[in-house]
Amino acid sequence: MKRIFTVIAVMMACLSMHAQAELFSKYDNTHGVTTVYVSKSMLSIMPQMKTGGVDIGSIAQKLDNISILTCERPSMIGGIKQNASAIYSRDGYEEVMKLNDSDSHTVIYMKQLSGGTNEFALVNTENNVLRIVNIKGRISLRDIQSITH
């Protein structure tokens, strides 16, 4: 019985990583789109880090990794946002916040993983630039709130 639960836990972890990888690899070599992956090791040597205007230095020690996608091609932004939204919906992410300002639109998605680990996806469009920041680690919604204010 333990073996079955272990196999299921590993499969769920792989599905979570697959969702993130699916979105970022799809646009990895696309003109006008930049993708960045920052591992836990790299985060540990970068105490002051700003990503997409968000200072994550205060929670860096809690993070497993960060993936960032930036698109500066207005013609692609709608399609990427739709693709991201479909992936997050399909893979069980909860929309935990939505903010619409006059020239800025932000949605934050959250997925609880095993062992107190969470994954957050911040999808922001501002001035014809799309930024998607996926943050995975032992972080809470309160941690995310603290870095976005």
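Let's start from the outside: the protein chain has an accessible surface of about 8,700 Å², and 55% of that belongs to carbon and sulfur atoms. Keep in mind that what you're looking at is a predicted model. Now for the inside: the chain has 149 residues, and 42% of them count as buried.

Next, trace the chain from its N terminus. You'll pass through the elements in the order α-β-α-β-β-β-α-β-β-β-β-α, which gives four helices and eight strands. How does the chain come back to itself? Take the contacts between residues at least 6 apart in sequence: 53% of these join residues at least 24 apart.

Let's zoom in on one helix, α3, which covers residues 74-90. You can check its length yourself. With 17 residues at 1.5 Å a residue, α3 should span 24 Å, and its end C-alpha atoms are 25 Å apart, so the two values agree.

Which residues of α3 are buried? They are Met76, Ile77, Ile80, Asn83, Ala84, Ile87 and Tyr88. Now imagine looking straight down the axis of α3: these buried residues fall within an arc of 140 degrees, so they line one face of the helix. And what about the face turned away from that buried side? There you'll find the exposed residues Ser75, Gln82 and Ser89. So if you rotate the model around α3, try to spot the buried face, with Ile80 and Ile87 among its residues, and then the face with Gln82. Just after the helix comes Gly92, which takes a positive phi of about 80 degrees.

One of the buried residues of α3 deserves a second look: Tyr88. The structure holds two aromatic pairs, and in one of them Tyr88 partners with Tyr109. Their rings sit 4.9 Å apart, centre to centre, with 35 degrees between the planes, and the pair is classed as tilted. This pair links distant parts of the chain: Tyr88 belongs to helix α3, while Tyr109 lies in strand β6 (residues 104-112), 21 residues apart.

Are these two partners buried or exposed? Tyr88 has 1% relative accessibility, and the cut-off for buried is under 20%, so Tyr88 counts as buried. Tyr109 comes in at 10% relative accessibility, so Tyr109 counts as buried too. A third ring joins the story here, since Tyr88, Tyr93 and Tyr109 form one aromatic cluster.

Definitions and conventions:
Residues are numbered from 1 along each chain as its sequence is written. This is a predicted model: local features need pLDDT of at least 70, side-chain atom pairs count only at pLDDT 80 or more; totals for chains, interfaces and linings use all residues. Side-chain values use heavy atoms; hydrogens and water are left out. Helices (H or I, at least four residues) and strands (E, at least two) are DSSP runs, numbered from the N terminus. Buried means under 20% relative accessible area, exposed over 50%, partly exposed in between (1.4 Å probe, protein chains only). Contact means heavy atoms within 4.5 Å. Accessible areas come from the Shrake-Rupley method with a 1.4 Å probe; for residues, only the protein chains shown count as cover. Rings of Phe, Tyr and Trp (its six-membered ring) pair if their centres lie within 6.5 Å; planes under 30 degrees apart count as stacked, over 60 as edge-to-face and the rest as tilted. The expected span of a helix is 1.5 Å times one less than its number of residues. The arc is that of the directions from the helix axis to the C-beta atoms.
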